[in-house]
Amino acid sequence: MSAVDDLLAVQQEDTTTDQIRHRLANLPERATLEAVLAERESTESDRDALRLERLELDRRQKRVEADVEAVVSRIQELNDRLYGSGISSPREAREIQEEVDRLKPRQDNLEERVLEVFEEIDPVDARLGELDAAAEAGDEVIVEAQAALNATEADLAEELVGVRERRDAAAAGISADVLDRYDRLRRTFDSSTVVGFDGSGCRGCPSAMPAVEVDRVKHLEAGTLTDCAECGRLVVR
Ligand SMILES: [Zn+2]
């Protein structure tokens with residue numbers, strides 16, 4: 001290959017590198033991963049809120065159950081006295097019976113409240129179960145999405161290595177001076193740093209190449225590299 005062909009090959013590999021980097025920066029696999037991570041985070045925050053709610057219900061349940069237990073044990077204690085042998089008078093027996101009679105409706109009422117708490121707990125537990133399942137499924141989806149992203153990134157990284165090797169091989173055939181000029185000009189002209197000459201002008205020029213410049217390039221040997229005096233690109237005659 002001629003030095004000009006090598007330079008065009010370098011330019012081609014640089015363009016490919018840019019395309020791969022652009023793909024790497026905009027991978028749909030990354031967007032997918034970000035979406036599933038956001039979804040998982042939302043599930044987690046719903047679950048945290050619901051767990052707090054569940055904890056509060058648990059406290060209420062224990063509180064009401066403790067109240068029930070206190071009433072039941074008081075009634076038990078009163079009944080033990082009532083049916084034991086320590087009663088000293090009918091009046092005392094009546095007073096104990098009256099207290100038992102007062103406590104019974106309270107026991108019923110408290111037991112009712114225990115059931116109410118259970119009724120509140122049921123849907124919360126059901127929803128928590130759904131969120132647990134969603135969290136587990138979400139974790140699996142995240143692992144898959146991460147693996148897909150890693151695989152694509154690895155493929156593209158490998159492609160970049162190949163591009164780098166081909167570029168290095170092509171650059172070896174170019175003089176340091178030309179390569180240096182190309183590298184500097186590429187910052188401005190990107191993938192059209194080295195352009196062809198179509199017989200009437202430089203392909204990179206935004207407007208017509210001046211006639212005297214066209215004439216100069218025309219008289220160069222085919223395959224010669226020159227600068228376009230109009231736009232500043234490297235032109236291959
Ligand atoms: Zn030009």
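Q: Are Cys202 and Cys228 buried or exposed?
A: In this predicted model, both Cys202 and Cys228 are buried.

Q: What do they coordinate, and which other residues help?
A: They hold a zinc ion, which is coordinated by the SG atoms of Cys202, Cys205, Cys228 and Cys231 at 2.3 to 2.4 Å.

Q: Which parts of the chain does the Cys202 and Cys228 pair tie together?
A: Cys202 sits in the loop between β1 (194-196) and α5 (211-218), while Cys228 belongs to the loop between β2 (225-227) and β3 (234-236), so the pair links parts that are 26 residues apart in sequence.

Q: And what spacing do the donors follow along the chain?
A: The pattern is C-x2-C-x22-C-x2-C.

Q: What's the arrangement around the zinc ion?
A: Tetrahedral, because the 4 donor atoms subtend angles of 96 to 119°. For reference, the ideal angle for four tetrahedral donors is 109.5 degrees.

Q: Back to Cys205 for a second. Where is it found, and is it buried or exposed?
A: Cys205 is in the loop between β1 and α5. Its relative accessibility is 12%, so it counts as buried. Cys205 also lies 8.2 Å from Arg233, C-alpha to C-alpha, although the two are 28 residues apart in sequence.

Q: New topic: how many residues are in the largest nonpolar core?
A: That core has 14 residues, and the ones with the most contacts inside it are Leu7, Val10, Ile174, Tyr182, Val194 and Leu234.

Q: Which elements supply at least two residues each?
A: Those are α1, α3, α4 (176-189) and β3. The largest share, 5 residues, comes from α4.

Q: What comes after α4? I was looking at Asp190 in the loop there.
A: Asp190 is in the loop between α4 and β1. It has a positive phi of about 55° even though it is not a glycine. Asp190 counts as partly exposed because its relative accessibility is 39%.

Q: Last one, pockets. What volume does the largest pocket have, and which residues line it?
A: Its volume is about 160 Å³. The lining is made up of Asp14, Thr17, Asp18, Arg21, Leu160, Val163, Arg164, Arg167 and Arg186. The elements giving two or more residues to that lining are α1 (3-25) and α3 (90-171).

Q: How many of the lining residues are charged?
A: There are 6 charged residues in the lining of the largest pocket, alongside 2 nonpolar and 1 polar.

Terms used: Residues are numbered from 1 along each chain as its sequence is written. This is a predicted model: local features need pLDDT of at least 70, side-chain atom pairs count only at pLDDT 80 or more; totals for chains, interfaces and linings use all residues. Side-chain values use heavy atoms; hydrogens and water are left out. On a 1 Å grid over the protein atoms alone, a cavity is a set of points where a 1.4 Å probe fits but cannot get out, and a pocket is an open set with protein on both sides within 12 Å along at least five of seven lines; lining residues have an atom within 4 Å of a point. Grid points are joined across faces, edges and corners, and a volume is the space filled by probe spheres set on the points. Helices (H or I, at least four residues) and strands (E, at least two) are DSSP runs, numbered from the N terminus. Ala, Val, Leu, Ile, Met, Phe, Trp, Tyr, Cys and Pro count as nonpolar, Asp, Glu, Lys and Arg as charged, and the others, Gly among them, as polar. Donors are N, O and S atoms within 2.8 Å of the metal (3.2 Å for Na, K and Ca); water is not among the atoms, so sites may look incomplete. Four donors count as tetrahedral if all angles lie between 85 and 135 degrees; four count as square planar and six as octahedral if opposite donors are over 155 degrees apart and all others between 65 and 115; anything else is irregular. Buried means under 20% relative accessible area, exposed over 50%, partly exposed in between (1.4 Å probe, protein chains only). A nonpolar core is a set of buried Ala, Val, Leu, Ile, Met, Phe, Trp, Tyr and Cys residues joined through side-chain atoms within 4.5 Å.
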